[in-house]
Amino acid sequence: MKTLKITVEGGFHNADEMTVYAKVRTARDGSSYACLSPYQAHKVEAHFCGISDCQCGGASRGTWASPAGWVQDTMERWVQR
Ligand SMILES: [Zn+2]
């Protein structure tokens with residue numbers, strides 16, 4: 001199965017670099033996209049901020065890096081460009 005290597009780091013709590021592999025899928029129009037599973041998204045969120053009542057913004061404040069040719073569409077989804 002093809003995956004997209006995504007690295008995340010930083011954010012309000014200055015989290016260490018972490019790697020997740022987003023599953024690459026094919027849309028109905030034939031284009032490729034990649035997305036994190038709810039479990040992966042939860043893990044990333046917990047990596048940036050594990051404090052339940054914290055107002056820091058968690059993963060949205062982090063630095064996300066994806067391979068060349070891919071653009072982050074939403075927090076959990078990338079599209080090929
Ligand atoms: Zn926080």
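Two strands count as paired if DSSP finds at least two bridges between them. Keep that in mind as you work through these exercises on a predicted model.

**Exercise 1. Find the bridge partner of Arg25 in strand 3, and describe how strand 2 and strand 3 are joined.**

Step 1. Look across from Arg25: the bridge partner in strand 3 is Tyr33.

Step 2. Move one place along strand 2, and you will see Thr26 opposite Ser32 in strand 3.

Step 3. Now take the whole pair. Strand 2 and strand 3 (residues 32-35) run antiparallel, with 4 bridges.

Step 4. Finally, look at the link. The two strands form a hairpin with 5 residues between them, and Gly30 in the turn has a positive phi of about 95°.

**Exercise 2. Follow strand 1 and name the strands that pair with it.**

Step 1. Start with strand 2 (residues 15-26). Strand 1 (residues 3-10) pairs with it in the antiparallel sense over 7 bridges. Leu4 has Ala22 as its bridge partner there, and Val8 stands opposite Met18.

Step 2. Turn to strand 4 (residues 62-65). Strand 1 pairs with this strand too, again antiparallel, over 4 bridges. Here Thr7 has Ala65 as its bridge partner.

Step 3. Check the surroundings of Ile6. Leaving aside residues up to four places away in sequence, Ile6 touches Val20, Ala22, Trp64, Ala65 and Ser66.

**Exercise 3. Inspect the turn between strand 1 and strand 2, and decide whether Asn14 is buried or exposed.**

Step 1. Strand 1 and strand 2 form a hairpin with 4 residues between them, and Gly11 in the turn has a positive phi of about 75°.

Step 2. Asn14 lies in the loop between these strands. Its phi is also positive, about 50°, although Asn14 is not a glycine. For comparison, most residues other than glycine have a negative phi.

Step 3. Count the neighbours. A residue is exposed if 12 or fewer other C-beta atoms lie within 10 Å of its own. Asn14 has 9 C-beta neighbours inside 10 Å, so Asn14 counts as exposed.

**Exercise 4. Put the elements together: first along the chain, then across the sheet.**

Step 1. From the N terminus on, the elements run β-β-β-α-β-β-β, which gives 1 helix and 6 strands.

Step 2. Across the open sheet, the 6 strands have the order 4-1-2-3-6-5, with antiparallel pairing. Why do strand 4 and strand 5 (70-74) each have one side without a neighbour in the sheet? They stand at the edges and each has a single partner strand, so one side is left free of a neighbour. From one strand to the next, the twist averages 30°.

Step 3. Add the helix. Helix 1 (residues 38-48) lies across strand 1, strand 2 and strand 4, and runs at about 165° to strand 2.

**Exercise 5. Describe the largest nonpolar core and say which element gives the largest share.**

Step 1. The core has 12 residues in all, among them Leu4, Ile6, Val8, Val44, Phe48, Trp70 and Trp78.

Step 2. Strand 1, strand 2 and helix 1 are the elements that give two or more residues to this core. Strand 1 gives the largest share, 3 residues.

Step 3. Relate this to a general tendency: in soluble globular proteins, nonpolar side chains tend to be buried together.

Step 4. Finish with the whole protein. Of its 81 residues, 19% count as buried, and its C-alpha atoms fill a box of roughly 40 × 20 × 20 Å along the principal axes.

Conventions:
Residues are numbered from 1 along each chain as its sequence is written. This is a predicted model: local features need pLDDT of at least 70, side-chain atom pairs count only at pLDDT 80 or more; totals for chains, interfaces and linings use all residues. A residue is buried if 20 or more other C-beta atoms lie within 10 Å of its own, exposed if 12 or fewer, and partly exposed in between; C-beta atoms are placed from the backbone. Axes are lines fitted to C-alpha atoms, for helices over the stretch in contact, and angles run from 0 to 180 degrees between N-to-C directions. Two residues are in contact if their C-beta atoms, placed from the backbone, lie within 7 Å. A nonpolar core is a set of buried Ala, Val, Leu, Ile, Met, Phe, Trp, Tyr and Cys residues joined through C-beta atoms within 7 Å.
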